[in-house]
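Biologist: Please take one helix of this model and go through it closely. I would like to know how it is built and what surrounds it.

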Amino acid sequence: MKTRKIAIDGVASSGKSTVGKILADRLGYEFIDSGLLYRLATFIAIEQGLKNSEFDKAVSNFNVDIVGGKIFLNGKEIPLDKLRDKGVDALVSPVSEHPLVREVITSELRRIAESKNVVMVGRDIGSVVLPDAFLKIFLTATLEERASRRFKELIHKGINTTFEEVYENLKTRDMIDSGRSVAPLTVPKDAYVIDTTNLTVDEVITLILEFIKGKEYVLRNSKDYSETLF
(Lines give C-alpha, C1' and ligand atoms only; values in the text may rest on other atoms or scores of the structure.)
Protein backbone atom coordinates (compact mmCIF):
# COMPACT_ATOMS: atom_id res chain seq x y z
CA MET A 1 0.00 0.00 0.00
CA LYS A 2 1.41 3.36 -1.07
CA THR A 3 0.85 5.97 1.60
CA ARG A 4 1.44 9.69 1.58
CA LYS A 5 3.62 11.21 4.26
CA ILE A 6 3.79 14.89 5.11
CA ALA A 7 6.57 15.84 7.53
CA ILE A 8 6.42 19.00 9.62
CA ASP A 9 9.46 19.92 11.67
CA GLY A 10 10.31 23.14 13.41
CA VAL A 11 11.60 24.94 16.44
CA ALA A 12 9.72 24.82 19.75
CA SER A 13 6.41 26.75 19.80
CA SER A 14 6.52 27.46 16.07
CA GLY A 15 2.99 26.05 15.62
CA LYS A 16 3.79 22.52 14.45
CA SER A 17 1.03 20.72 16.36
CA THR A 18 -1.66 23.33 15.69
CA VAL A 19 -0.88 23.43 11.98
CA GLY A 20 -0.40 19.65 11.77
CA LYS A 21 -3.78 18.84 13.34
CA ILE A 22 -5.73 21.21 11.11
CA LEU A 23 -3.86 20.10 7.99
CA ALA A 24 -4.49 16.41 8.81
CA ASP A 25 -8.21 17.12 9.32
CA ARG A 26 -8.47 18.96 5.98
CA LEU A 27 -6.66 16.16 4.13
CA GLY A 28 -8.33 13.29 5.98
CA TYR A 29 -4.94 11.98 7.16
CA GLU A 30 -3.91 10.70 10.59
CA PHE A 31 -2.16 13.31 12.73
CA ILE A 32 0.93 11.88 14.42
CA ASP A 33 2.74 13.89 17.09
CA SER A 34 6.06 12.06 17.46
CA GLY A 35 6.48 13.67 20.88
CA LEU A 36 3.66 11.47 22.20
CA LEU A 37 5.75 8.34 21.65
CA TYR A 38 8.65 9.84 23.62
CA ARG A 39 6.20 10.77 26.38
CA LEU A 40 4.85 7.22 26.34
CA ALA A 41 8.38 5.80 26.75
CA THR A 42 8.94 8.23 29.63
CA PHE A 43 5.65 7.19 31.25
CA ILE A 44 6.74 3.54 31.09
CA ALA A 45 10.16 4.42 32.55
CA ILE A 46 8.45 6.11 35.49
CA GLU A 47 5.95 3.26 35.99
CA GLN A 48 8.80 0.72 36.03
CA GLY A 49 11.09 2.89 38.16
CA LEU A 50 13.90 2.74 35.59
CA LYS A 51 17.22 4.49 36.15
CA ASN A 52 18.91 6.58 33.44
CA SER A 53 21.05 3.65 32.35
CA GLU A 54 17.91 1.50 31.99
CA PHE A 55 15.74 3.79 29.83
CA ASP A 56 16.12 1.42 26.87
CA LYS A 57 13.98 -1.12 28.79
CA ALA A 58 11.02 1.26 28.41
CA VAL A 59 10.86 0.42 24.70
CA SER A 60 11.63 -3.31 24.94
CA ASN A 61 7.99 -4.23 24.18
CA PHE A 62 6.87 -1.15 22.32
CA ASN A 63 4.19 -1.68 19.68
CA VAL A 64 2.38 1.64 19.25
CA ASP A 65 -0.46 2.96 17.11
CA ILE A 66 -2.28 6.29 16.98
CA VAL A 67 -5.89 6.28 15.80
CA GLY A 68 -8.14 9.32 15.84
CA GLY A 69 -5.79 11.13 18.20
CA LYS A 70 -5.75 8.24 20.69
CA ILE A 71 -2.52 6.37 21.43
CA PHE A 72 -2.39 2.60 21.94
CA LEU A 73 0.43 0.51 23.44
CA ASN A 74 0.27 -3.17 22.47
CA GLY A 75 -3.43 -2.66 21.70
CA LYS A 76 -4.31 -0.94 24.98
CA GLU A 77 -5.29 2.75 25.00
CA ILE A 78 -3.13 4.97 27.20
CA PRO A 79 -4.97 8.08 28.48
CA LEU A 80 -3.32 11.20 27.09
CA ASP A 81 -3.55 13.02 30.43
CA LYS A 82 -1.11 10.46 31.89
CA LEU A 83 1.41 11.44 29.18
CA ARG A 84 0.98 15.16 30.02
CA ASP A 85 1.77 14.60 33.70
CA LYS A 86 4.38 16.87 35.32
CA GLY A 87 6.51 13.82 36.13
CA VAL A 88 6.66 12.99 32.42
CA ASP A 89 7.48 16.65 31.62
CA ALA A 90 10.47 16.51 33.93
CA LEU A 91 11.93 13.28 32.55
CA VAL A 92 11.04 13.29 28.85
CA SER A 93 14.23 15.05 27.69
CA PRO A 94 16.76 12.57 29.15
CA VAL A 95 14.63 9.60 28.03
CA SER A 96 14.41 11.08 24.51
CA GLU A 97 18.18 11.47 24.31
CA HIS A 98 18.80 7.73 24.82
CA PRO A 99 20.05 6.37 21.44
CA LEU A 100 18.15 3.06 21.63
CA VAL A 101 14.92 4.82 22.65
CA ARG A 102 15.23 7.09 19.60
CA GLU A 103 16.03 4.10 17.36
CA VAL A 104 12.99 2.11 18.48
CA ILE A 105 10.62 5.09 18.30
CA THR A 106 11.92 6.07 14.85
CA SER A 107 11.19 2.52 13.70
CA GLU A 108 7.65 2.65 15.16
CA LEU A 109 6.93 6.01 13.52
CA ARG A 110 8.04 4.62 10.15
CA ARG A 111 5.87 1.52 10.59
CA ILE A 112 2.82 3.67 11.40
CA ALA A 113 3.48 5.89 8.36
CA GLU A 114 3.63 2.82 6.10
CA SER A 115 0.10 1.80 7.15
CA LYS A 116 -1.81 5.07 6.56
CA ASN A 117 -1.55 8.60 5.18
CA VAL A 118 -0.05 10.81 7.86
CA VAL A 119 0.83 14.35 8.80
CA MET A 120 3.68 13.78 11.24
CA VAL A 121 5.21 16.52 13.37
CA GLY A 122 8.40 16.61 15.41
CA ARG A 123 11.98 17.78 15.28
CA ASP A 124 13.64 15.13 13.10
CA ILE A 125 10.77 13.87 10.94
CA GLY A 126 11.91 15.11 7.52
CA SER A 127 15.61 14.61 8.21
CA VAL A 128 15.62 11.22 10.00
CA VAL A 129 12.23 9.51 10.44
CA LEU A 130 10.67 10.08 7.00
CA PRO A 131 13.42 11.19 4.61
CA ASP A 132 11.19 10.01 1.72
CA ALA A 133 8.19 12.15 2.79
CA PHE A 134 5.99 13.45 -0.03
CA LEU A 135 6.32 16.96 1.37
CA LYS A 136 8.61 18.40 4.05
CA ILE A 137 7.80 21.59 5.93
CA PHE A 138 9.99 23.40 8.46
CA LEU A 139 8.27 26.00 10.64
CA THR A 140 10.13 28.79 12.36
CA ALA A 141 9.40 32.14 14.02
CA THR A 142 11.35 34.67 16.03
CA LEU A 143 12.18 33.73 19.60
CA GLU A 144 10.18 36.73 20.84
CA GLU A 145 7.06 35.69 18.94
CA ARG A 146 7.32 32.07 20.06
CA ALA A 147 7.79 33.12 23.67
CA SER A 148 4.76 35.39 23.40
CA ARG A 149 2.60 32.55 22.03
CA ARG A 150 3.77 30.08 24.67
CA PHE A 151 3.34 32.63 27.47
CA LYS A 152 -0.28 33.33 26.45
CA GLU A 153 -0.96 29.59 26.19
CA LEU A 154 0.37 28.91 29.70
CA ILE A 155 -1.52 31.84 31.21
CA HIS A 156 -4.70 30.60 29.52
CA LYS A 157 -4.14 27.22 31.23
CA GLY A 158 -3.80 28.97 34.59
CA ILE A 159 -0.07 28.29 34.93
CA ASN A 160 1.80 30.94 36.90
CA THR A 161 4.86 32.07 34.94
CA THR A 162 6.48 35.16 33.42
CA PHE A 163 7.34 36.08 29.85
CA GLU A 164 11.03 36.16 30.82
CA GLU A 165 10.91 32.58 32.17
CA VAL A 166 9.21 31.32 29.01
CA TYR A 167 11.70 33.21 26.81
CA GLU A 168 14.73 31.73 28.58
CA ASN A 169 13.20 28.23 28.57
CA LEU A 170 12.66 28.35 24.79
CA LYS A 171 16.15 29.75 24.27
CA THR A 172 17.60 26.81 26.21
CA ARG A 173 15.44 24.28 24.30
CA ASP A 174 16.66 25.72 20.99
CA MET A 175 20.27 25.15 22.05
CA ILE A 176 19.56 21.60 23.29
CA ASP A 177 17.58 20.63 20.18
CA SER A 178 20.19 21.90 17.73
CA GLY A 179 23.18 20.68 19.73
CA ARG A 180 22.23 17.13 20.71
CA SER A 181 24.48 14.38 19.34
CA VAL A 182 21.63 12.13 18.12
CA ALA A 183 19.22 13.50 15.46
CA PRO A 184 19.78 17.22 16.12
CA LEU A 185 17.19 19.72 14.90
CA THR A 186 18.12 20.69 11.33
CA VAL A 187 16.31 22.01 8.28
CA PRO A 188 16.00 19.14 5.77
CA LYS A 189 17.63 20.23 2.52
CA ASP A 190 14.44 19.64 0.50
CA ALA A 191 12.04 21.24 3.01
CA TYR A 192 9.89 24.31 2.48
CA VAL A 193 10.71 26.78 5.24
CA ILE A 194 7.82 28.91 6.53
CA ASP A 195 8.44 31.79 8.91
CA THR A 196 5.18 31.98 10.88
CA THR A 197 6.09 35.14 12.82
CA ASN A 198 3.61 37.34 10.96
CA LEU A 199 1.26 34.67 9.61
CA THR A 200 -2.05 33.37 10.94
CA VAL A 201 -2.63 29.63 11.23
CA ASP A 202 -4.98 29.75 8.22
CA GLU A 203 -2.32 31.51 6.16
CA VAL A 204 0.22 28.80 7.03
CA ILE A 205 -2.27 26.04 6.14
CA THR A 206 -3.05 27.74 2.83
CA LEU A 207 0.65 27.92 1.99
CA ILE A 208 1.16 24.22 2.72
CA LEU A 209 -1.87 23.23 0.63
CA GLU A 210 -0.42 25.27 -2.25
CA PHE A 211 2.92 23.47 -1.83
CA ILE A 212 1.07 20.14 -2.05
CA LYS A 213 -0.70 21.22 -5.25
CA GLY A 214 2.61 22.39 -6.69
CA LYS A 215 4.32 19.12 -5.84
CA GLU A 216 1.49 17.13 -7.41
CA TYR A 217 1.64 19.27 -10.57
CA VAL A 218 5.39 18.77 -10.93
CA LEU A 219 5.11 15.02 -10.42
CA ARG A 220 2.22 14.63 -12.88
CA ASN A 221 4.22 16.47 -15.53
CA SER A 222 7.50 14.68 -14.94
CA LYS A 223 8.84 12.16 -17.44
CA ASP A 224 8.91 9.55 -14.66
CA TYR A 225 5.23 10.08 -13.81
CA SER A 226 3.54 7.16 -12.12
CA GLU A 227 0.46 6.85 -9.96
CA THR A 228 2.73 5.22 -7.38
CA LEU A 229 4.27 8.67 -6.83
CA PHE A 230 1.04 9.62 -5.10
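Modeller: In this predicted model, helix α5 is 17 residues long and spans 25 Å from its first C-alpha to its last, close to the 24 Å expected at 1.5 Å a residue. Its buried residues are Val101, Arg102, Ile105, Thr106, Glu108, Leu109, Ile112 and Ala113. These lie on the same side of α5, because the arc they cover around the axis is only 165°.

One of these buried residues, Ile105, touches Leu37, Tyr38, Ala41 and Phe62, leaving aside residues up to four places away in sequence. Ile105 also belongs to the largest nonpolar core, which has 35 residues. Val101 and Ile105 are among the residues with the most contacts inside that core, together with Leu37, Leu40, Phe62, Ile71 and Met120. Besides α5 (99-115), the elements giving two or more residues to this core are α2 (34-47), β3 (64-67), β4 (70-73), α4 (86-96), β6 (118-122) and α6 (125-129). The largest share, 8 residues, comes from α2. Apart from this core lies another, of 19 residues, including Ile8, Tyr29, Phe31 and Val119.

For comparison, helix α8 (residues 163-179) also has 17 residues, and it reaches 24 Å between its first and last C-alpha, close to the 24 Å expected. In α8, Val166, Leu170, Asp174 and Asp177 are buried. They cover an arc of only 80° around the axis, so they sit on the same side of α8. That buried set packs against α7 (143-156), while the face turned away from it carries the exposed residues Glu164, Met175 and Gly179.

Conventions
Residues are numbered from 1 along each chain as its sequence is written. This is a predicted model: local features need pLDDT of at least 70, side-chain atom pairs count only at pLDDT 80 or more; totals for chains, interfaces and linings use all residues. Side-chain values use heavy atoms; hydrogens and water are left out. A nonpolar core is a set of buried Ala, Val, Leu, Ile, Met, Phe, Trp, Tyr and Cys residues joined through side-chain atoms within 4.5 Å. Buried means under 20% relative accessible area, exposed over 50%, partly exposed in between (1.4 Å probe, protein chains only). Helices (H or I, at least four residues) and strands (E, at least two) are DSSP runs, numbered from the N terminus. Contact means heavy atoms within 4.5 Å. The expected span of a helix is 1.5 Å times one less than its number of residues. The arc is that of the directions from the helix axis to the C-beta atoms.
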